[in-house]
Amino acid sequence: MVKLLKDVADAQTHENTVRGEVRPTGQFPRVRMRRNRRDPWTRRLVAENRLSVDDLIWPVFVQEGNAKSSPIPSMPGIARHSIDRLVDAVGEAAELGIPAIAIFPVVDERLKSPEAEEAWNYDNLVCRAVSAVKAAFPHIGVICDVALDPFTSHGQDGLIRDGYVVNDETLDALIKQSLAQATAGCDVIAPSDMMDGRVGVVRDALDANGFQHVRIMSYAAKYASGFYGPFRDAVGSAGFLGAGDKKTYQMDPANTDEALREVALDLAEGADMVMIKPGLPYLDVIRRVKDKFAVPTFAYNVSGEYAMLKAAAAQGWLDYDRVMMESLLAFKRAGCDGILTYAAVEAATLLKKG
Ligand code: PBG
């Protein structure tokens, strides 16, 4: 039996050589894949991908008030913080070595309007939060979304004319919003609105106003996804959006070629980094983008993905730490350089423990 298998293996090796293929293959019993898995030290040596704290971006929610933290029921473990509390939380992240955070504002209902004017109020909640965080922790990267949805009374990311979210007029609003955030000290502008041409106009506006160093991380391939539900609860935009959806600007989950076109356009318009969103259901898109463009590629492990693991763990059905770390590693395997994840602090804590 063993002799026979060896002959088969030799024939196979010969065949590969003749065909000129370099295939480090072979056959059982000479080849036993389990040898390298036998001990922790070999497993460590042959590990192809690794998650590090350097890969993590922590999305955080800020609200008005003082010494105030409100838990978000659909995102267990995550709270909306007043600016002082946010600074404390960012301190914890900085201590753990997390390179960057992304700030999302919970805008007071009374400040929302159809035209989203509050988005470019230089003293709005997000701008004050950015300044406070940068003053306390100059070395942590601060990322801000550019999109109107936290500020519109209808919950859409753009301005509405005759029932349609219009592109070009929205671009003017996005420019104003970007300049307000850059002035507040934001390091990375992250357009998440999916309007056509927004990266280019934002880049030009930043450059024309002395913000050449401000980076753009574009939500290049952002899908019209059901996985954003808990986030919309968190920022309070769900009720405003109502039965509306974002399918006329966010991408159809059926498409991947289209994602490559979106990424190509954003890069041509000056994006420094690109993002795919959501994350886990779109690992195929991440892999295609990384292979094709070889640029800094990020994924947003969104609120619904976070909520799923938390909910299953709360039932005792999954070991949270284990599946969370396994999920983050999946992003590395798919080709991500970094991951926006609500689990960033949890992951950094586990990585530190080793
Ligand atoms: C706003 C925005 C959304 C998310 C990030 N930025 C929601 C949306 O597009 O409706 C979702 C993040 C998450 O679900 O964690 N444009």
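**Cysteines and the ligand site**

Good morning. The structure holds zero disulfides. C186 illustrates the point: this residue takes part in no disulfide, and the nearest cysteine sulfur, which belongs to C144, is 3.7 Å away. A disulfide would require the two sulfur atoms to lie within 2.5 Å. I should state at once that we are looking at a predicted model.

Staying with the cysteines for a moment, C186 has a relative accessibility of 3% and therefore counts as buried. C336 is likewise a buried residue, and its relative accessible area is 4%. The cut-off for that term is under 20% relative accessible area.

Let me now turn to the ligand. Which cavity does the ligand take up? The space that the ligand takes is the largest cavity. Around the ligand stand 18 residues, and the closest are K222, R232, K277, S303 and Y342. By character, the residues of this shell comprise eight nonpolar, three polar and seven charged.

Several polar contacts can be described individually. Y342 places a polar side-chain atom 2.6 Å from an oxygen atom of the ligand. For K277, a polar side-chain atom lies 3.4 Å from a nitrogen atom of the ligand. In the side chain of D149, an N or O atom is 3.3 Å from a ligand nitrogen atom. How much of the ligand's accessible area does the protein cover? On its own the ligand has 400 Å² of accessible area, and the protein covers 99% of that.

To summarise, the model has zero disulfides, C186 and C336 are buried, and the ligand takes the space of the largest cavity, with 18 residues surrounding it. Thank you.

Methods:
Residues are numbered from 1 along each chain as its sequence is written. This is a predicted model: local features need pLDDT of at least 70, side-chain atom pairs count only at pLDDT 80 or more; totals for chains, interfaces and linings use all residues. Side-chain values use heavy atoms; hydrogens and water are left out. A residue is near a molecule or strand if one of its heavy atoms lies within 4 Å of it. A polar contact is a pair of N or O atoms within 3.5 Å; within protein, one must be able to donate a hydrogen and the other to accept it, and residues adjacent in sequence count only if both atoms are side-chain atoms. Accessible areas come from the Shrake-Rupley method with a 1.4 Å probe; for residues, only the protein chains shown count as cover. On a 1 Å grid over the protein atoms alone, a cavity is a set of points where a 1.4 Å probe fits but cannot get out, and a pocket is an open set with protein on both sides within 12 Å along at least five of seven lines; lining residues have an atom within 4 Å of a point. A molecule sits in a cavity or pocket if more than half of its atoms lie within 2 Å of its grid points. Ala, Val, Leu, Ile, Met, Phe, Trp, Tyr, Cys and Pro count as nonpolar, Asp, Glu, Lys and Arg as charged, and the others, Gly among them, as polar. Buried means under 20% relative accessible area, exposed over 50%, partly exposed in between (1.4 Å probe, protein chains only).
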